[in-house]
Amino acid sequence: MKIYLGLIVAAALTLTACGGENKSAVSTSSDVAVSSASEQTISTASSASGVVEPVAVASPDCTTVIVSDDAMKFDIKEISIKSSCKQYTITLKHVGKMPVAAMGHNVVIAKTADKDAVLKDGAEVAIENNYVKPNDERVVAHTKLIGGGQEDSITFDTFKFNKGEAYEYFCSFPGHYAMMNGKIKFAD
Ligand code: ZN
């Protein structure tokens, strides 16, 4: 009989011990849950900044913004294209208020040697053609003709340039060249 009681006590002690272990196990797992939740918060934040980074790194060396206005002017006189740029992007902004038919601007890129012919042929086509002869092989690239409040971008391959020759960019709206032109330089 004494042996039987002893077994019951031992069993009761074992149960108590188990209960205690279970309680501590519960509190431990909730600690883990809290810490993993905070880890998730951190990893979410780092992945969010990972999404932003590529946008900020988007090769600013191979991009130029040219601002034009109702005073028939470009804000820069020269574009320098680095040899590391396989492609180059030019964004033209027109910050004036006048409509395209009265004060339209574009950016046309051509050899200085071809400039006069490109302008002459461009002046003979309709404004809907952006004052650039369609499929003009002398034109390396050109934006659309835009009016006040508009902008347009072009991206072109830099292998199209023969770096031994002089190139420039200009607006081909009739009469604008004298005020709206600049040089294209090639840098290392
Ligand atoms: Zn213009």
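What follows is a conversation between a biologist and a modeller about a predicted model.

Biologist: What makes up the secondary structure of the chain?

Modeller: The chain has 3 helices and 8 strands. Along the sequence they run α-β-β-β-α-β-α-β-β-β-β.

Biologist: How many residues are there, and what share of them is buried?

Modeller: The chain has 188 residues, and 29% of them count as buried. The accessible surface comes to about 11,600 Å². Carbon and sulfur atoms hold 60% of that surface.

Biologist: What share of the contacts joins residues 24 or more positions apart?

Modeller: Among contacts with a separation of 6 or more, that share is 71%.

Biologist: Now the metal. Which atoms coordinate the zinc ion?

Modeller: The zinc ion has His105 (ND1), Cys171 (SG) and His176 (ND1) around it, at 2.0 to 2.2 Å.

Biologist: Why are these atoms called donors?

Modeller: A donor here is an N, O or S atom within 2.8 Å of the metal. The three atoms sit at 2.0 to 2.2 Å, so they qualify. Water is not among the atoms, so the site may look incomplete.

Biologist: What spacing do the donors follow along the chain?

Modeller: The spacing is H-x65-C-x4-H. His105 and Cys171 link distant parts of the chain, 66 residues apart. His105 is in the loop between α2 (100-103) and β4 (108-111). Cys171 is in the loop between β7 (167-170) and β8 (181-187).

Biologist: Why is His105 called buried or exposed?

Modeller: Buried means under 20% relative accessible area. His105 has 0%, so His105 is buried. Cys171 also has 0%, so Cys171 is buried as well.

Biologist: Next, the backbone. What is notable about phi of Met72?

Modeller: Phi of Met72 is near 60°, a positive value in a residue other than glycine. Met72 is in the loop between β1 (63-68) and β2 (78-82).

Biologist: What makes Met72 partly exposed?

Modeller: Its relative accessible area is 22%. The partly exposed class lies between under 20% and over 50%, so Met72 belongs there.

Biologist: Where is Asn135, and what is its phi?

Modeller: Asn135 lies in the loop between α3 (115-123) and β5 (139-142). Phi of Asn135 is near 55°, again a positive value in a residue other than glycine.

Biologist: How do you know whether Asn135 is buried or exposed?

Modeller: Exposed means over 50%. Asn135 has 77% relative accessibility, so Asn135 counts as exposed.

Biologist: What about Thr143: buried or exposed?

Modeller: Thr143 is at 1% relative accessibility, under the 20% limit, and therefore counts as buried. Thr143 sits in the loop between β5 and β6 (151-157).

Biologist: Which residues is Thr143 in contact with, leaving aside neighbours within four places in sequence?

Modeller: They are Leu92, Asn106, Val107, Asn130, Asp152 and Ile154. Each is called a contact because heavy atoms come within 4.5 Å.

Biologist: How do you know that Ala141 is buried?

Modeller: Ala141 has a relative accessible area of 12%, under 20%, so Ala141 is buried. Ala141 lies in strand β5. Beyond neighbours within four places in sequence, Ala141 is in contact with Val107, Val108, Ile109, Ile154 and Phe156. The C-alpha atoms of Ala141 and Ile109 are separated by 5.5 Å, though the two are 32 residues apart along the chain.

Biologist: And why is Ala102 not called buried?

Modeller: Ala102 has 39% relative accessible area, so Ala102 is partly exposed. Ala102 is in helix α2.

Biologist: Which residues of α3 are buried?

Modeller: They are Lys115, Val118, Leu119, Asp121 and Gly122. The buried residues of α3 pack against β4, β5 and β7.

Biologist: Last, the largest pocket. How much space lies in it?

Modeller: The largest pocket holds about 160 Å³. Its lining includes Thr112, Tyr177, Gly182 and Phe186. Two elements, β7 and β8, give two or more residues to that lining. The largest share, 6 residues, comes from β8.

Biologist: What makes the lining nonpolar, polar or charged?

Modeller: By class, the lining has 5 nonpolar, 3 polar and 4 charged residues. Phe186 is in the lining, and Phe counts as nonpolar. Lys183 is there too, and Lys counts as charged. Gly182 counts as polar, because Gly is placed in that class.

Key. Residues numbered from 1 in each chain as written. Predicted model: local features only at pLDDT ≥ 70, side-chain atom pairs only at ≥ 80, totals over all residues. Heavy atoms only, no water. Helix = DSSP H or I, 4+ residues; strand = E, 2+ residues; numbered from the N terminus. Buried < 20%, exposed > 50% of the residue type's maximum accessible area, 1.4 Å probe, protein only. Areas by Shrake-Rupley, 256 points an atom, 1.4 Å probe, with all protein chains shown as cover. Donors = N, O, S within 2.8 Å, 3.2 Å for Na, K, Ca; no water. 1 Å grid on protein atoms, 1.4 Å probe; cavity = no way out; pocket = protein on both sides within 12 Å on 5 of 7 lines; lining within 4 Å. Points joined across faces, edges and corners; volume = space filled by probe spheres on them.
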